[in-house]
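Work through the exercises below with the sequence and the coordinates at hand. Each task is followed by a solution in steps.

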Amino acid sequence: MSAPVAGGRQAAEIILAADPKLKMELISPDREVTGNSILEDDSIEIDGRKFQGYKEDRYFLPNDPEEQDRLDMQHAMMTALLGGRLSCSPNAHPAKVLDIATGTGIWPIEFAQEHPDAEVVGTDLSLIQPAVEFLPPNVSFVKEDAEDDEWTIDRDFDLIHLRAVYTAIKDHAKLIRQMFAHLAPGGWVEVVEARPEVLSFDGTSVGSGIERFGQMTAAGLTRLGRDAFAITQYRRLMREAGFVDYREEVLPLPTSGWPQERRYKLAGRYQGANVKQALLSGTMHRLFRATGRSEDEIGQDIARAVQEIEYNYVHGYFPIHVVHARKPPL
C-alpha cells in the first residue's frame, strides 16, 4: 500500500463556500471521509497532475488526491440524485457484491457499512482506496483492469455495480459478457451512467458554455477511442449477452442548483461544484486537447461554463441512465 497523502477538501466545503446559508437547508452536508487519500507509486505526472501508470492508454483522468476528492463529491451527487440510495437494484440484500471501476472505494465502503452481512469487492486500475485499517471488515479491493485482465475474483456475485465508466471502457460488449460470466444465476447488474450532453426543458442550454463542455467531452473521447454514448446501446448488448428483465430509467441531473425540488437542487449543487472543479483543476484537459481546439478556445469555453454554473441562468441537465438486468436463474 502506498503512503497516505495528507490534505484534501471535503465536497460540502466547496459548495458551502459560495453559499454558507445552504448548510441550514441540507441534511448531513459533510460527507464522511473514507480515509486518507492515496498516491500510487506507479503514478505518472502529466501537466502537473498525477495519472494511473498501470495502463497509460486505458484512462484519461487523473488519480491524484484532488481528483479523489472530486470523485467522492461525485458520489455524494449521485447518492442525492438517487434519493439517498446507494443502489436501486431489485436485489435488496445481496450476499456477494462487486463494484467495477471503484475509484476511491467510497461506494463499496458505504454499501458494506449498510450491509454488514454482505461480502463487497471493488476493482480498479488504481489502488487509491483507504488502507485496511480504515475499512469495514467485509470490504476488499483488487487492482485489476475489468475489461482486459483475466479476472481473479469469484464468479458468483449476486450484484455487480458499475458507475460513470464511459471515459474508460473501449469494448462495452466485452465488459458486459464478463459481468454476465461472473454473476450467480439470478444475479443482477446495475449500471449508472451519464450521457455527456446537456439538455434543458426551457431551451436555456442551447448554445451555452455548459452545453459546449458536454460536446468537448464527447468529441475528445471519440478521438481517444471511447464511445461517450455507449449506454444507449446497453439494452441490445445485454440482451445479446444473455441478460433478461432489462429495466432502464433516465433521470435529469441538473448542471447547478437551479431546480426548486429539494432532491434535484441538492444533486445540482453537487454537480455544479463537481464540474467546476473538473474544469478549473485541469482534470478534463487531456480530453479537451484531443479535440484539436486551441488553449485559448478551451479557456474561453471553460470560463463561460463556470460562469453559467455560478449564476444558475442555464437550466441544463445531464441525462443519467440507471440500468438493471438479470442473469437468468438455472
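The exercises cover model confidence, three helix pairs, a salt bridge and a loop residue.

This is a predicted model, in which local features need pLDDT of at least 70 and side-chain atom pairs count only at pLDDT 80 or more, while totals for chains, interfaces and linings use all residues. Residues are numbered from 1 along each chain as its sequence is written, and side-chain values use heavy atoms, with hydrogens and water left out.

**Exercise 1. State how confident the predictor is, overall and by element.**

Step 1. pLDDT is the predictor's confidence in each residue, from 0 to 100. The protein averages 81, and 79% of the residues score at least 70.

Step 2. Elements are DSSP runs numbered from the N terminus: helices are H or I with at least four residues, strands E with at least two. Mean pLDDT is lowest, at 27, in strand β1 (residues 4-5) and highest, at 98, in helix α6 (residues 234-241).

Step 3. Over residues 1-40 pLDDT stays under 50. For this stretch the model has 78 contacts beyond four places in sequence, a contact being heavy atoms within 4.5 Å.

**Exercise 2. Describe the packing of α7 against α9.**

Step 1. Two packed helices are described by the angle between their axes and the distance between the axes. Axes are lines fitted to C-alpha atoms, for helices over the stretch in contact, and angles run from 0 to 180 degrees between N-to-C directions.

Step 2. For α7 (residues 262-280) and α9 (residues 295-311) the angle is about 160° and the axes are 10 Å apart. The two helices are therefore roughly antiparallel; the classes are roughly parallel under 35 degrees, roughly antiparallel over 145, roughly perpendicular from 65 to 115, and oblique for the rest.

Step 3. The contact is made by Gly272, Val275, Lys276, Leu279 and Leu280 of α7 with Ile302, Ala305, Val306, Ile309 and Glu310 of α9.

Step 4. Sorted by class, this contact has 7 nonpolar, 1 polar and 2 charged residues. Ala, Val, Leu, Ile, Met, Phe, Trp, Tyr, Cys and Pro count as nonpolar, Asp, Glu, Lys and Arg as charged, and the others, Gly among them, as polar.

**Exercise 3. Find a salt bridge between α7 and α9.**

Step 1. The criterion is a side-chain nitrogen of Lys or Arg within 4 Å of a carboxyl oxygen of Asp or Glu. By this rule the count comes to 9 salt bridges.

Step 2. One of them joins Lys276 and Glu310, whose closest N and O atoms are 3.4 Å apart. Lys276 is in helix α7 and Glu310 in helix α9, 34 residues apart, and the pair links distant parts of the chain.

**Exercise 4. Characterise α5 against α9 and α4 against α6.**

Step 1. Helix α5 (residues 209-223) packs on α9 at about 125°, with the axes 7 Å apart. That makes α5 oblique to α9.

Step 2. Gly209, Ile210, Arg212 and Met216 of α5 touch Asp301, Arg304, Ala305, Glu308 and Ile309 of α9. These residues divide into 4 nonpolar, 1 polar and 4 charged.

Step 3. Helix α4 (residues 172-182) and α6 pack at about 45°, with their axes 9 Å apart. α4 is therefore oblique to α6.

Step 4. On the α4 side are His172, Ala173, Ile176, Arg177 and Phe180; they meet Tyr234, Leu237, Met238 and Ala241 in α6. By class there are 7 nonpolar, 1 polar and 1 charged residues.

**Exercise 5. Locate Trp258 and list its contacts.**

Step 1. Trp258 lies in the loop between β11 (244-254) and α7.

Step 2. Neighbours within four places in sequence aside, Trp258 is in contact with Lys265, Asn312, Val314, His315 and Gly316.

Step 3. The C-alpha atoms of Trp258 and Gly316 are separated by 8.7 Å, with their positions 58 residues apart along the chain.
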